[in-house]
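Visitor: I have a model open on my screen and would like to learn how to read it. Could you walk me through it, one feature at a time?

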Amino acid sequence: MKILFVCTGNTCRSPMAEGLFRSMLAREGREDIFAGSAGLSAAEGQPPSENAVLACREVGVDISGHRARRVSRGFLQAWDLFVPMTPTHAYILEQAGVPVEKIYLPASIEDPFGGSLSVYRQCRDQLGQELALLLSRLPGKEARP
């Protein structure tokens with residue numbers, strides 16, 4: 001399964017979600033799920049915000065190598081599940097042709113852009129809770145031989 005986390009600029013929420021979720025997948029031994037992220041209005045190649053990197057680093061997740069990418073129509077076909085950060089992001093994905101059954105909307109995650117490290121920590125912690133819930137709702141990994 002391929003899961004795409006979607007926000008606006010792909011420098012705060014969605015790269016944090018991608019990094020945190022990949023860490024959860026690794027801890028769970030879930031090699032059957034791939035996580036990525038993109039932004040609806042991303043400036044291609046931008047690094048993640050400094051406070052996003054710091055907040056994730058505090059919990060052992062390194063997102064410093066992330067570079068922003070923009071959601072495009074052709075790009076949409078490659079993903080099995082979309083996880084938008086807000087209802088507005090979900091609406092835009094639907095308007096772009098993503099079937100509603102391929103969208104998982106967590107509790108709305110406020111944009112920490114421009115906020116203090118404390119604001120980014122709150123965002124990280126909320127993402128962690130929402131991602132744990134998402135992971136618990138996904139089908140279990142296949143039995144290994």
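Guide: Happy to. Keep in mind that this is a predicted model. Let's begin with one residue and its surroundings: leaving aside neighbours within four places in sequence, Leu105 is in contact with Pro84, Thr86, Pro87 and Ala90.

Visitor: Where is Leu105 placed in the chain?

Guide: Look in the loop between H4 and H5. The C-alpha atoms of Leu105 and Phe82 are separated by 8.2 Å, with the two positions 23 residues apart along the chain.

Visitor: And is Leu105 buried, partly exposed or exposed?

Guide: Its relative accessibility is 39%, so Leu105 counts as partly exposed. For a contrast, try Gly114, which also has its place in the loop between H4 and H5. Gly114 has 71% relative accessibility, so this glycine counts as exposed. From its C-alpha atom to that of Ser23 there are 25 Å, and the two are 91 residues apart along the chain.

Visitor: Now the sheet. How do I read the way strands pair?

Guide: The general idea is that strands of a sheet pair through backbone hydrogen bonds, either parallel or antiparallel. Here you have an open sheet of 3 strands in the order S2-S1-S3, and the pairing is parallel. S2 and S3 (81-84) are the edge strands, each pairing on one side only. On average, neighbouring strands are turned by 25° against each other, ignoring direction.

Visitor: Does anything sit on that sheet, and what does helix H4 touch?

Guide: Helix H4 (residues 87-95) packs on the sheet and touches S1 and S3. The direction of H4 makes about 145° with that of S3.

Visitor: How many bridges join S1 and S2?

Guide: Strand S1 (residues 2-7) pairs with S2 over 6 bridges, in the parallel sense. If you want to click through them, Ile3 has Ala35 as its bridge partner in S2, and Val6 has Ala38. To get from S1 to S2 the chain passes through helix H1 (residues 13-28), and this β-α-β crossover is right-handed.

Visitor: S2 is an edge strand. Is it largely enclosed or open to the outside?

Guide: Count its buried residues: 5 of the 6 residues in S2 (residues 34-39) are buried, so this strand is largely enclosed by the rest of the structure.

Visitor: What about the hydrophobic interior?

Guide: In soluble globular proteins, nonpolar side chains tend to be buried together. The largest nonpolar core in this model has 30 residues, and Phe5, Phe21 and Leu127 touch the most other members. Two or more residues of this core come from each of S1, H1, helix H2 (50-57), S3 and helix H5 (117-137).

Visitor: Which residues does Leu127 touch?

Guide: Not counting residues up to four places away in sequence, Leu127 touches Arg13, Met16, Ala17, Leu20, Met85 and Ile109. There is also a second, separate core of 13 residues, with Trp79, Phe82, Ala90 and Leu93 among them.

Visitor: How many aromatic pairs are there in the whole structure?

Guide: A search finds 3. To read a pair, check the distance between ring centres and the angle between ring planes; planes over 60 degrees apart count as edge-to-face. Phe5 and Phe21 form an edge-to-face pair, at 5.4 Å centre to centre and 70° between the planes. This pair links distant parts of the chain, since Phe5 is in strand S1 and Phe21 in helix H1, 16 residues apart. Both Phe5 and Phe21 are buried.

Visitor: And how do the rings of Phe75 and Trp79 sit?

Guide: Their centres are 5.9 Å apart and their planes are at 50°, so the pair is tilted. Phe75 is buried, with a relative accessible area of 17%, and Trp79 is buried at 4%. Together with Phe34, these two form one aromatic cluster.

Visitor: One last feature, the backbone angles. What should I look for?

Guide: Most residues other than glycine have a negative phi. Asn10 has a positive phi of about 60°, although it is not a glycine.

Visitor: Where does Asn10 lie, and is it buried or exposed?

Guide: Asn10 lies in the loop between S1 and H1. The relative accessibility of Asn10 is 0%, so it counts as buried.

Definitions and conventions. Residues are numbered from 1 along each chain as its sequence is written. This is a predicted model: local features need pLDDT of at least 70, side-chain atom pairs count only at pLDDT 80 or more; totals for chains, interfaces and linings use all residues. Side-chain values use heavy atoms; hydrogens and water are left out. Buried means under 20% relative accessible area, exposed over 50%, partly exposed in between (1.4 Å probe, protein chains only). Helices (H or I, at least four residues) and strands (E, at least two) are DSSP runs, numbered from the N terminus. Two strands pair if DSSP finds at least two bridges between them. A crossover is right-handed if, with the strands pointing away from the viewer, the path from the first strand over the helix to the second runs clockwise. Axes are lines fitted to C-alpha atoms, for helices over the stretch in contact, and angles run from 0 to 180 degrees between N-to-C directions. Contact means heavy atoms within 4.5 Å. A nonpolar core is a set of buried Ala, Val, Leu, Ile, Met, Phe, Trp, Tyr and Cys residues joined through side-chain atoms within 4.5 Å. Rings of Phe, Tyr and Trp (its six-membered ring) pair if their centres lie within 6.5 Å; planes under 30 degrees apart count as stacked, over 60 as edge-to-face and the rest as tilted.
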